[in-house]
Amino acid sequence: MLLSPSSVPVHISASALHVAPASDPPYKLLESHPSLLLLSKCKSIHGLRQIHSHIVKTGLHNTLFALSKLIEFCATSPFGDLPYALLLFESIPEPNVFIWNTIIRGHSLSSDPILAVDFYVRMLLCGTQPNSYTFPFVLKSCAKAGATREGKQIHAHVLKLGLWCDAFVHTSLINMYAQNGELDDARLVFDKSAFRDAVSFTALITGYASRGYMDAARLLFDKIPVRDVVSWNAMIAGYAQCFRFEEALTFFEEMRKMNVQPNESTMLTVLSACAQSGSVELGNWVHSWIEDHYELGSNLRLVNALIDMYSKCGDLETARRLFDGIHQRDVISWNVIIGGYTHMSCYKEALALFRLMLGSDTEPNDVTLLGVLPACAHLGVLDLGKWIHAYIDKNFENMTNSSLSTSLIDMYAKCGNIEAAEQVFDGLNPKSLASWNAMISGLAMHGHADKAIRLFTQMVDAGLKPDDITFVGLLSACTHAGRLELGRQYFSSMIHDFNISPKLEHYGCMIDLLGRAGMFDEAEALMKNMEMEPDGAIWGSLLGACRVHGRVELGEYVAEHLFELEPENPGAYVLLSNIYAGAGRWDDVARVRTRLKDKGMKKVPGCTSIEVDSVVHEFLVGGKLHPLSKDIYEMLEEIDKLLEMAGFVPDTSEVLYDMDEEWKEGALSHHSEKLAIAFGLISTKPGATIRIVKNLRVCGNCHSATKLISKIFNREIIARDRNRFHHFKNGSCSCKDYW
DNA sequence: CTAGGGTTAG
């Protein structure tokens, strides 16, 4: 039964549940009773209990009318409590039709609408005949629960009782069939009847629209004798749901031409369409329309939709201004603005707003955390991520939200704690495809190719069908471990055994693998064979391979392609200059440098962050802005001294193009990752793991230095660079110098 | 006491 012990109110005395007498006092007298007036204004379950005890005290609970009103409030008010309603309901030996209807209605509104059908059956078994009000409620439940079989049986009851000529029952039937995808049956009910009002038309239209049959919907729409605002809204929403935003917005224009006043629903749908299609001009127009027709700020739903629209269109300033102007924000306001910042890669702002939310009286929900966890993952803020994990365990215990678990796996992997990611994954049952994918990709970026492959085998054995994303993870695992043969095998298996056509990312992994193995001819052949044009990432990985293998001429050729494809990307120039530097061709280094300067481009400065005691510290290359700068640079000197004593010779071949020769060595020792590591060494306990996140790839010199540092200071150093993770421990790195 | 349309995440 629905009643759980915890939901039973303790203060209900036996007398409160006494059977009501057969005859009530006159209704007029009851309707104006103070307790029942209070009930209509009640806004919480606590208030309800007070009113209930008042009703008991005044003896009013002995009237069926008062009981009905109490049940109605508990079952249907958003501030109600369905279990409480059921408790009252079960105390009545012979409920009347109204009370049965109310209980059925309550379940139709609940998260478990199919239970309404159970009560409908009980009602029949008790010998109570349903009336014209019963069917809209129970049919709505069948629509919500997808219960077509039950709906058909109830349809038979409608016919038997002669209620098909009731407009409400009729529309409910159409809607039940339409929502359950039984469009032929919906059509049959519609065609057989004499009802040709906008309401029945719209019920049918929505059915067609939700299955993507917009042409059929359109034909029906044109036949409506008098189209009302809901009919228009249904068409606009239908097009929007099929991603046919232009047509949706055309219908909106048309509607205004026909002088049909849009309402709040119209504006919400139109704003959503603007948001998804990036139509910020129309969005602006809607904004002013809303300002003219509503007291802005009085309608939170519209303001939230506006914030979402501006966020998705990239105008975060306007979005933020609207957000700041809200007096009473709800959880959606937050979610929308946080999502906006995350969407625009403003992760720090997203987290700042999340912290603001935690300090407010708005509780985060699962959607909030789904917006915040990727921000944690991008920034590598493990402590906040752990906090959110604990928050989820505490507050979402009973909620099986597999996407939250997948986000946790992804967050832990990207924050460098692959063991924690595995723990979440192992505890997950059932495991969704997305969670397998997240785990495989996570292992891949940590260089654990064997584990990733084992997982892939397990997943196939478990009967799951891998998708294109699975193979991106699997192939990148091969790439990060330099497993060329295995990569080839899986690439071929993906195509032939799993019928997945390779996408740009899959080719990218293969070309990267081949390039690093020095197999440039085969890489080129694969590139020529692709169904699509190679992107900057592919040319970039090839350029990286040219640097590793000292292929100057090929590098020049590849770089030209990259310059053409991504003229604003300074990375290609830097790589080419490094190739020249590796070959000792300093004149060419200077030439590339000049070309870069002439274009007004600057190398993206290296930036490394480290989280200590939940505070994120950021270091720029050569930076001196940190409050502990003096101590950090003293530590750097110490590190360099110890490195030298250990026989470390700085490798200056990957020269910074804008430094003069004598500065090279000094500049290398001030690379941002080294600053962060020095800070980590002085600000954490001896032996503690140091985790850092860098925005660019680690340079060869820092890589060698960090290996030694891990040995000299006996520290595990986990570094995330632009490409993957490096676990430095006892003088060596998990990437086995292959990256 | 009743029927048809809508926002946030993925």
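Pro430 sits in a loop, with α25 (418-426) on one side and α26 (433-445) on the other. The peptide bond leading into Pro430 from Asn429 is cis, with omega near 0°. This is a predicted model. The points below cover backbone details, the DNA contacts, the annotated repeats and the sheet.

**Backbone details**
- A cis peptide bond joins Asn429 to Pro430.
- Asn499 is not a glycine, yet its phi is positive, at about 55°.
- The loop that holds Asn499 runs between α29 (484-496) and α30 (504-516).
- Asp613 also has a positive phi, of about 50°, and lies in the turn of the β1-β2 hairpin.

**Contacts with DNA strand B**
- DNA strand B is surrounded by 36 residues.
- The closest of these are Asn233, Asn263, Glu264, Ile332 and Val367.
- By class, the surface near the strand has 15 nonpolar residues, 15 polar residues and six charged residues.
- Sugar or phosphate accounts for 43% of the DNA atoms within 4 Å of the protein, and bases supply the rest.
- Glu264 has a side-chain N or O atom 2.3 Å from a base nitrogen of DNA strand B.
- Thr171 places a side-chain N or O atom 3.0 Å from a base nitrogen of DNA strand B.
- Asp308 faces the backbone of the DNA: a phosphate oxygen is 3.5 Å from an N or O atom in its side chain.

**Annotated repeats**
- An unreviewed UniProt entry places the feature "repeat: PPR" at residues 96-130, 228-262, 330-364 and 432-466.
- Residues 228-262 are 74% helix and 0% strand. The end C-alpha atoms of this stretch are 10 Å apart.
- Residues 330-364 are 71% helix and 0% strand. Here too the end C-alpha atoms are 10 Å apart.

**The six-stranded sheet**
- Six strands form an open sheet in the order β2-β1-β3-β4-β5-β6. Pairing is mixed.
- β2 (615-620) and β6 (732-733) are the edge strands; each has a single partner, so one side of each is left without a neighbour in the sheet.
- Helix α39 (residues 700-712) packs on the sheet and touches β4, β5 and β6. Its direction makes about 40° with that of β5.
- Strands of a sheet pair through backbone hydrogen bonds, in either a parallel or an antiparallel way.

**Strand pairs within the sheet**
- β1 (residues 607-612) and β2 run antiparallel, joined by six bridges.
- Val612 stands opposite Val615 in β2.
- β1 and β2 make a hairpin, with two residues between them.
- β4 (residues 717-720) and β5 (residues 725-729) are also antiparallel, with four bridges joining them.
- In this pair, Ile718 stands opposite His727 of β5.

Technical notes: Residues are numbered from 1 along each chain as its sequence is written. Chains are lettered from A and ligands numbered from 1 in the order in which they are written. This is a predicted model: local features need pLDDT of at least 70, side-chain atom pairs count only at pLDDT 80 or more; totals for chains, interfaces and linings use all residues. Side-chain values use heavy atoms; hydrogens and water are left out. Two strands pair if DSSP finds at least two bridges between them. Contact means heavy atoms within 4.5 Å. Axes are lines fitted to C-alpha atoms, for helices over the stretch in contact, and angles run from 0 to 180 degrees between N-to-C directions. A residue is near a molecule or strand if one of its heavy atoms lies within 4 Å of it. A polar contact is a pair of N or O atoms within 3.5 Å; within protein, one must be able to donate a hydrogen and the other to accept it, and residues adjacent in sequence count only if both atoms are side-chain atoms. Ala, Val, Leu, Ile, Met, Phe, Trp, Tyr, Cys and Pro count as nonpolar, Asp, Glu, Lys and Arg as charged, and the others, Gly among them, as polar. UniProt positions are given in the numbering used here, feature names are shortened, and annotations may be inferred rather than shown by experiment.
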